[in-house]
Amino acid sequence: MRGSFEYSYQLLISYFAEVRLVDPDLVFNVQTTSCKDKRFTRYFWCFGPSKKNYKLLRPVIVIDKKNLKGRYRGTLLTAIAIDPSKHIFPLAFLVKDSVTIKSWAYFL
């Protein structure tokens with residue numbers, strides 16, 4: 001996305017609303033600090049095909065954490081698996097302002 005961080009974060013909800021038009025099984029959840037300032041504390045999403053095809057994947061899930069840089073620091077948690085053709089298959093994503101045991105539990 002181009003523009004400021006503030007503008008990009010404001011577009012997240014509308015972006016996933018658009019994605020839901022082509023992927024009705026999309027799961028996403030935004031949690032904000034308050035209704036007034038709309039600062040999000042965590043943002044979770046899982047695409048529909050990931051949910052549907054989970055049972056077809058190999059029984060190993062890789063979970064990773066990446067620290068985000070820039071004005072608004074945070075953490076990106078990802079869960080991926082390997083499909084029968086040995087390709088990477090993304091399962092779920094979580095962007096969080098900080099990583100705690102509660103955020104890991106929520107993600108898993």
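Select Ala79 to begin: leaving out residues up to four places away in sequence, Ala79 touches Ile61, Val62, Ile63, Pro90, Leu91, Ala92 and Phe107. The model on screen is a predicted one. Keep Ala79 selected and add its bridge partner in strand 5, which is Ala92.

**The sheet**

Now show the strands as a cartoon. Five strands form an open sheet in the order 1-2-5-4-3, and the pairing is antiparallel. Strands in a sheet are held in pairs by backbone hydrogen bonds, in either a parallel or an antiparallel sense. Which strands lie at the edges of this sheet? Select residues 27-32 for strand 1, then select strand 3; these are the edge strands, each pairing on one side only. Neighbouring strands of the sheet are turned against each other by 15° on average, with direction ignored.

Next select residues 5-22, which are helix 1. Helix 1 packs on the sheet and touches strand 1 and strand 2. The direction of the helix makes about 20° with that of strand 2.

**Strands 3 and 4**

Select residues 61-68 for strand 3 and residues 74-82 for strand 4. The two run antiparallel and are joined by eight bridges. To see one place along this pair, pick Lys66, which stands opposite Leu76 in strand 4. The two strands form a hairpin with five residues between them. In the turn, click on Gly70, which has a positive phi of about 120°.

Stay in strand 3 and select Asn67. Is this residue buried, partly exposed or exposed? Asn67 has a relative accessible area of 43%, so it counts as partly exposed. Among residues over four places away in sequence, Asn67 touches Gly74 and Thr75. For a distance across the model, add Arg42: its C-alpha atom is separated from that of Asn67 by 14 Å, and the two residues are 25 apart along the chain.

Move to strand 4 and select Thr78. Why is Thr78 called buried? The relative accessible area of Thr78 is 18%, and the cut-off for buried is under 20%, so Thr78 is buried. Apart from residues up to four places away in sequence, Thr78 touches Val62, Ile63, Asp64, Ala92, Phe93 and Phe107.

**Strands 4 and 5**

Select residues 88-96 to bring up strand 5. Strand 4 and strand 5 pair in the antiparallel sense over eight bridges. Pick Ala81 here and find its bridge partner in strand 5, Phe89. The hairpin of strand 4 and strand 5 has five residues between the strands, and Lys86 in this hairpin takes a positive phi near 65°.

**The cores**

In soluble globular proteins, nonpolar side chains tend to be buried together. Show side chains for Phe44, Cys46, Leu57, Leu77, Ala79, Ala81, Phe89, Leu91, Ala92, Leu94 and Phe107. These 11 residues make up the largest nonpolar core. Strand 2 (40-46), strand 4 and strand 5 are the elements that give two or more residues to this core. Which strand gives the most? Strand 5 does, with four residues.

For the last stop, select Phe16, Val19, Tyr43 and Trp45, which are among the eight residues of a second, separate core.

Definitions and conventions
Residues numbered from 1 in each chain as written. Predicted model: local features only at pLDDT ≥ 70, side-chain atom pairs only at ≥ 80, totals over all residues. Heavy atoms only, no water. Pairing = 2+ DSSP bridges. Core = buried A, V, L, I, M, F, W, Y, C linked by side-chain atoms within 4.5 Å. Buried < 20%, exposed > 50% of the residue type's maximum accessible area, 1.4 Å probe, protein only. Contact = heavy atoms within 4.5 Å. Axes fitted to C-alpha atoms, helices over the stretch in contact; angles between N-to-C directions.
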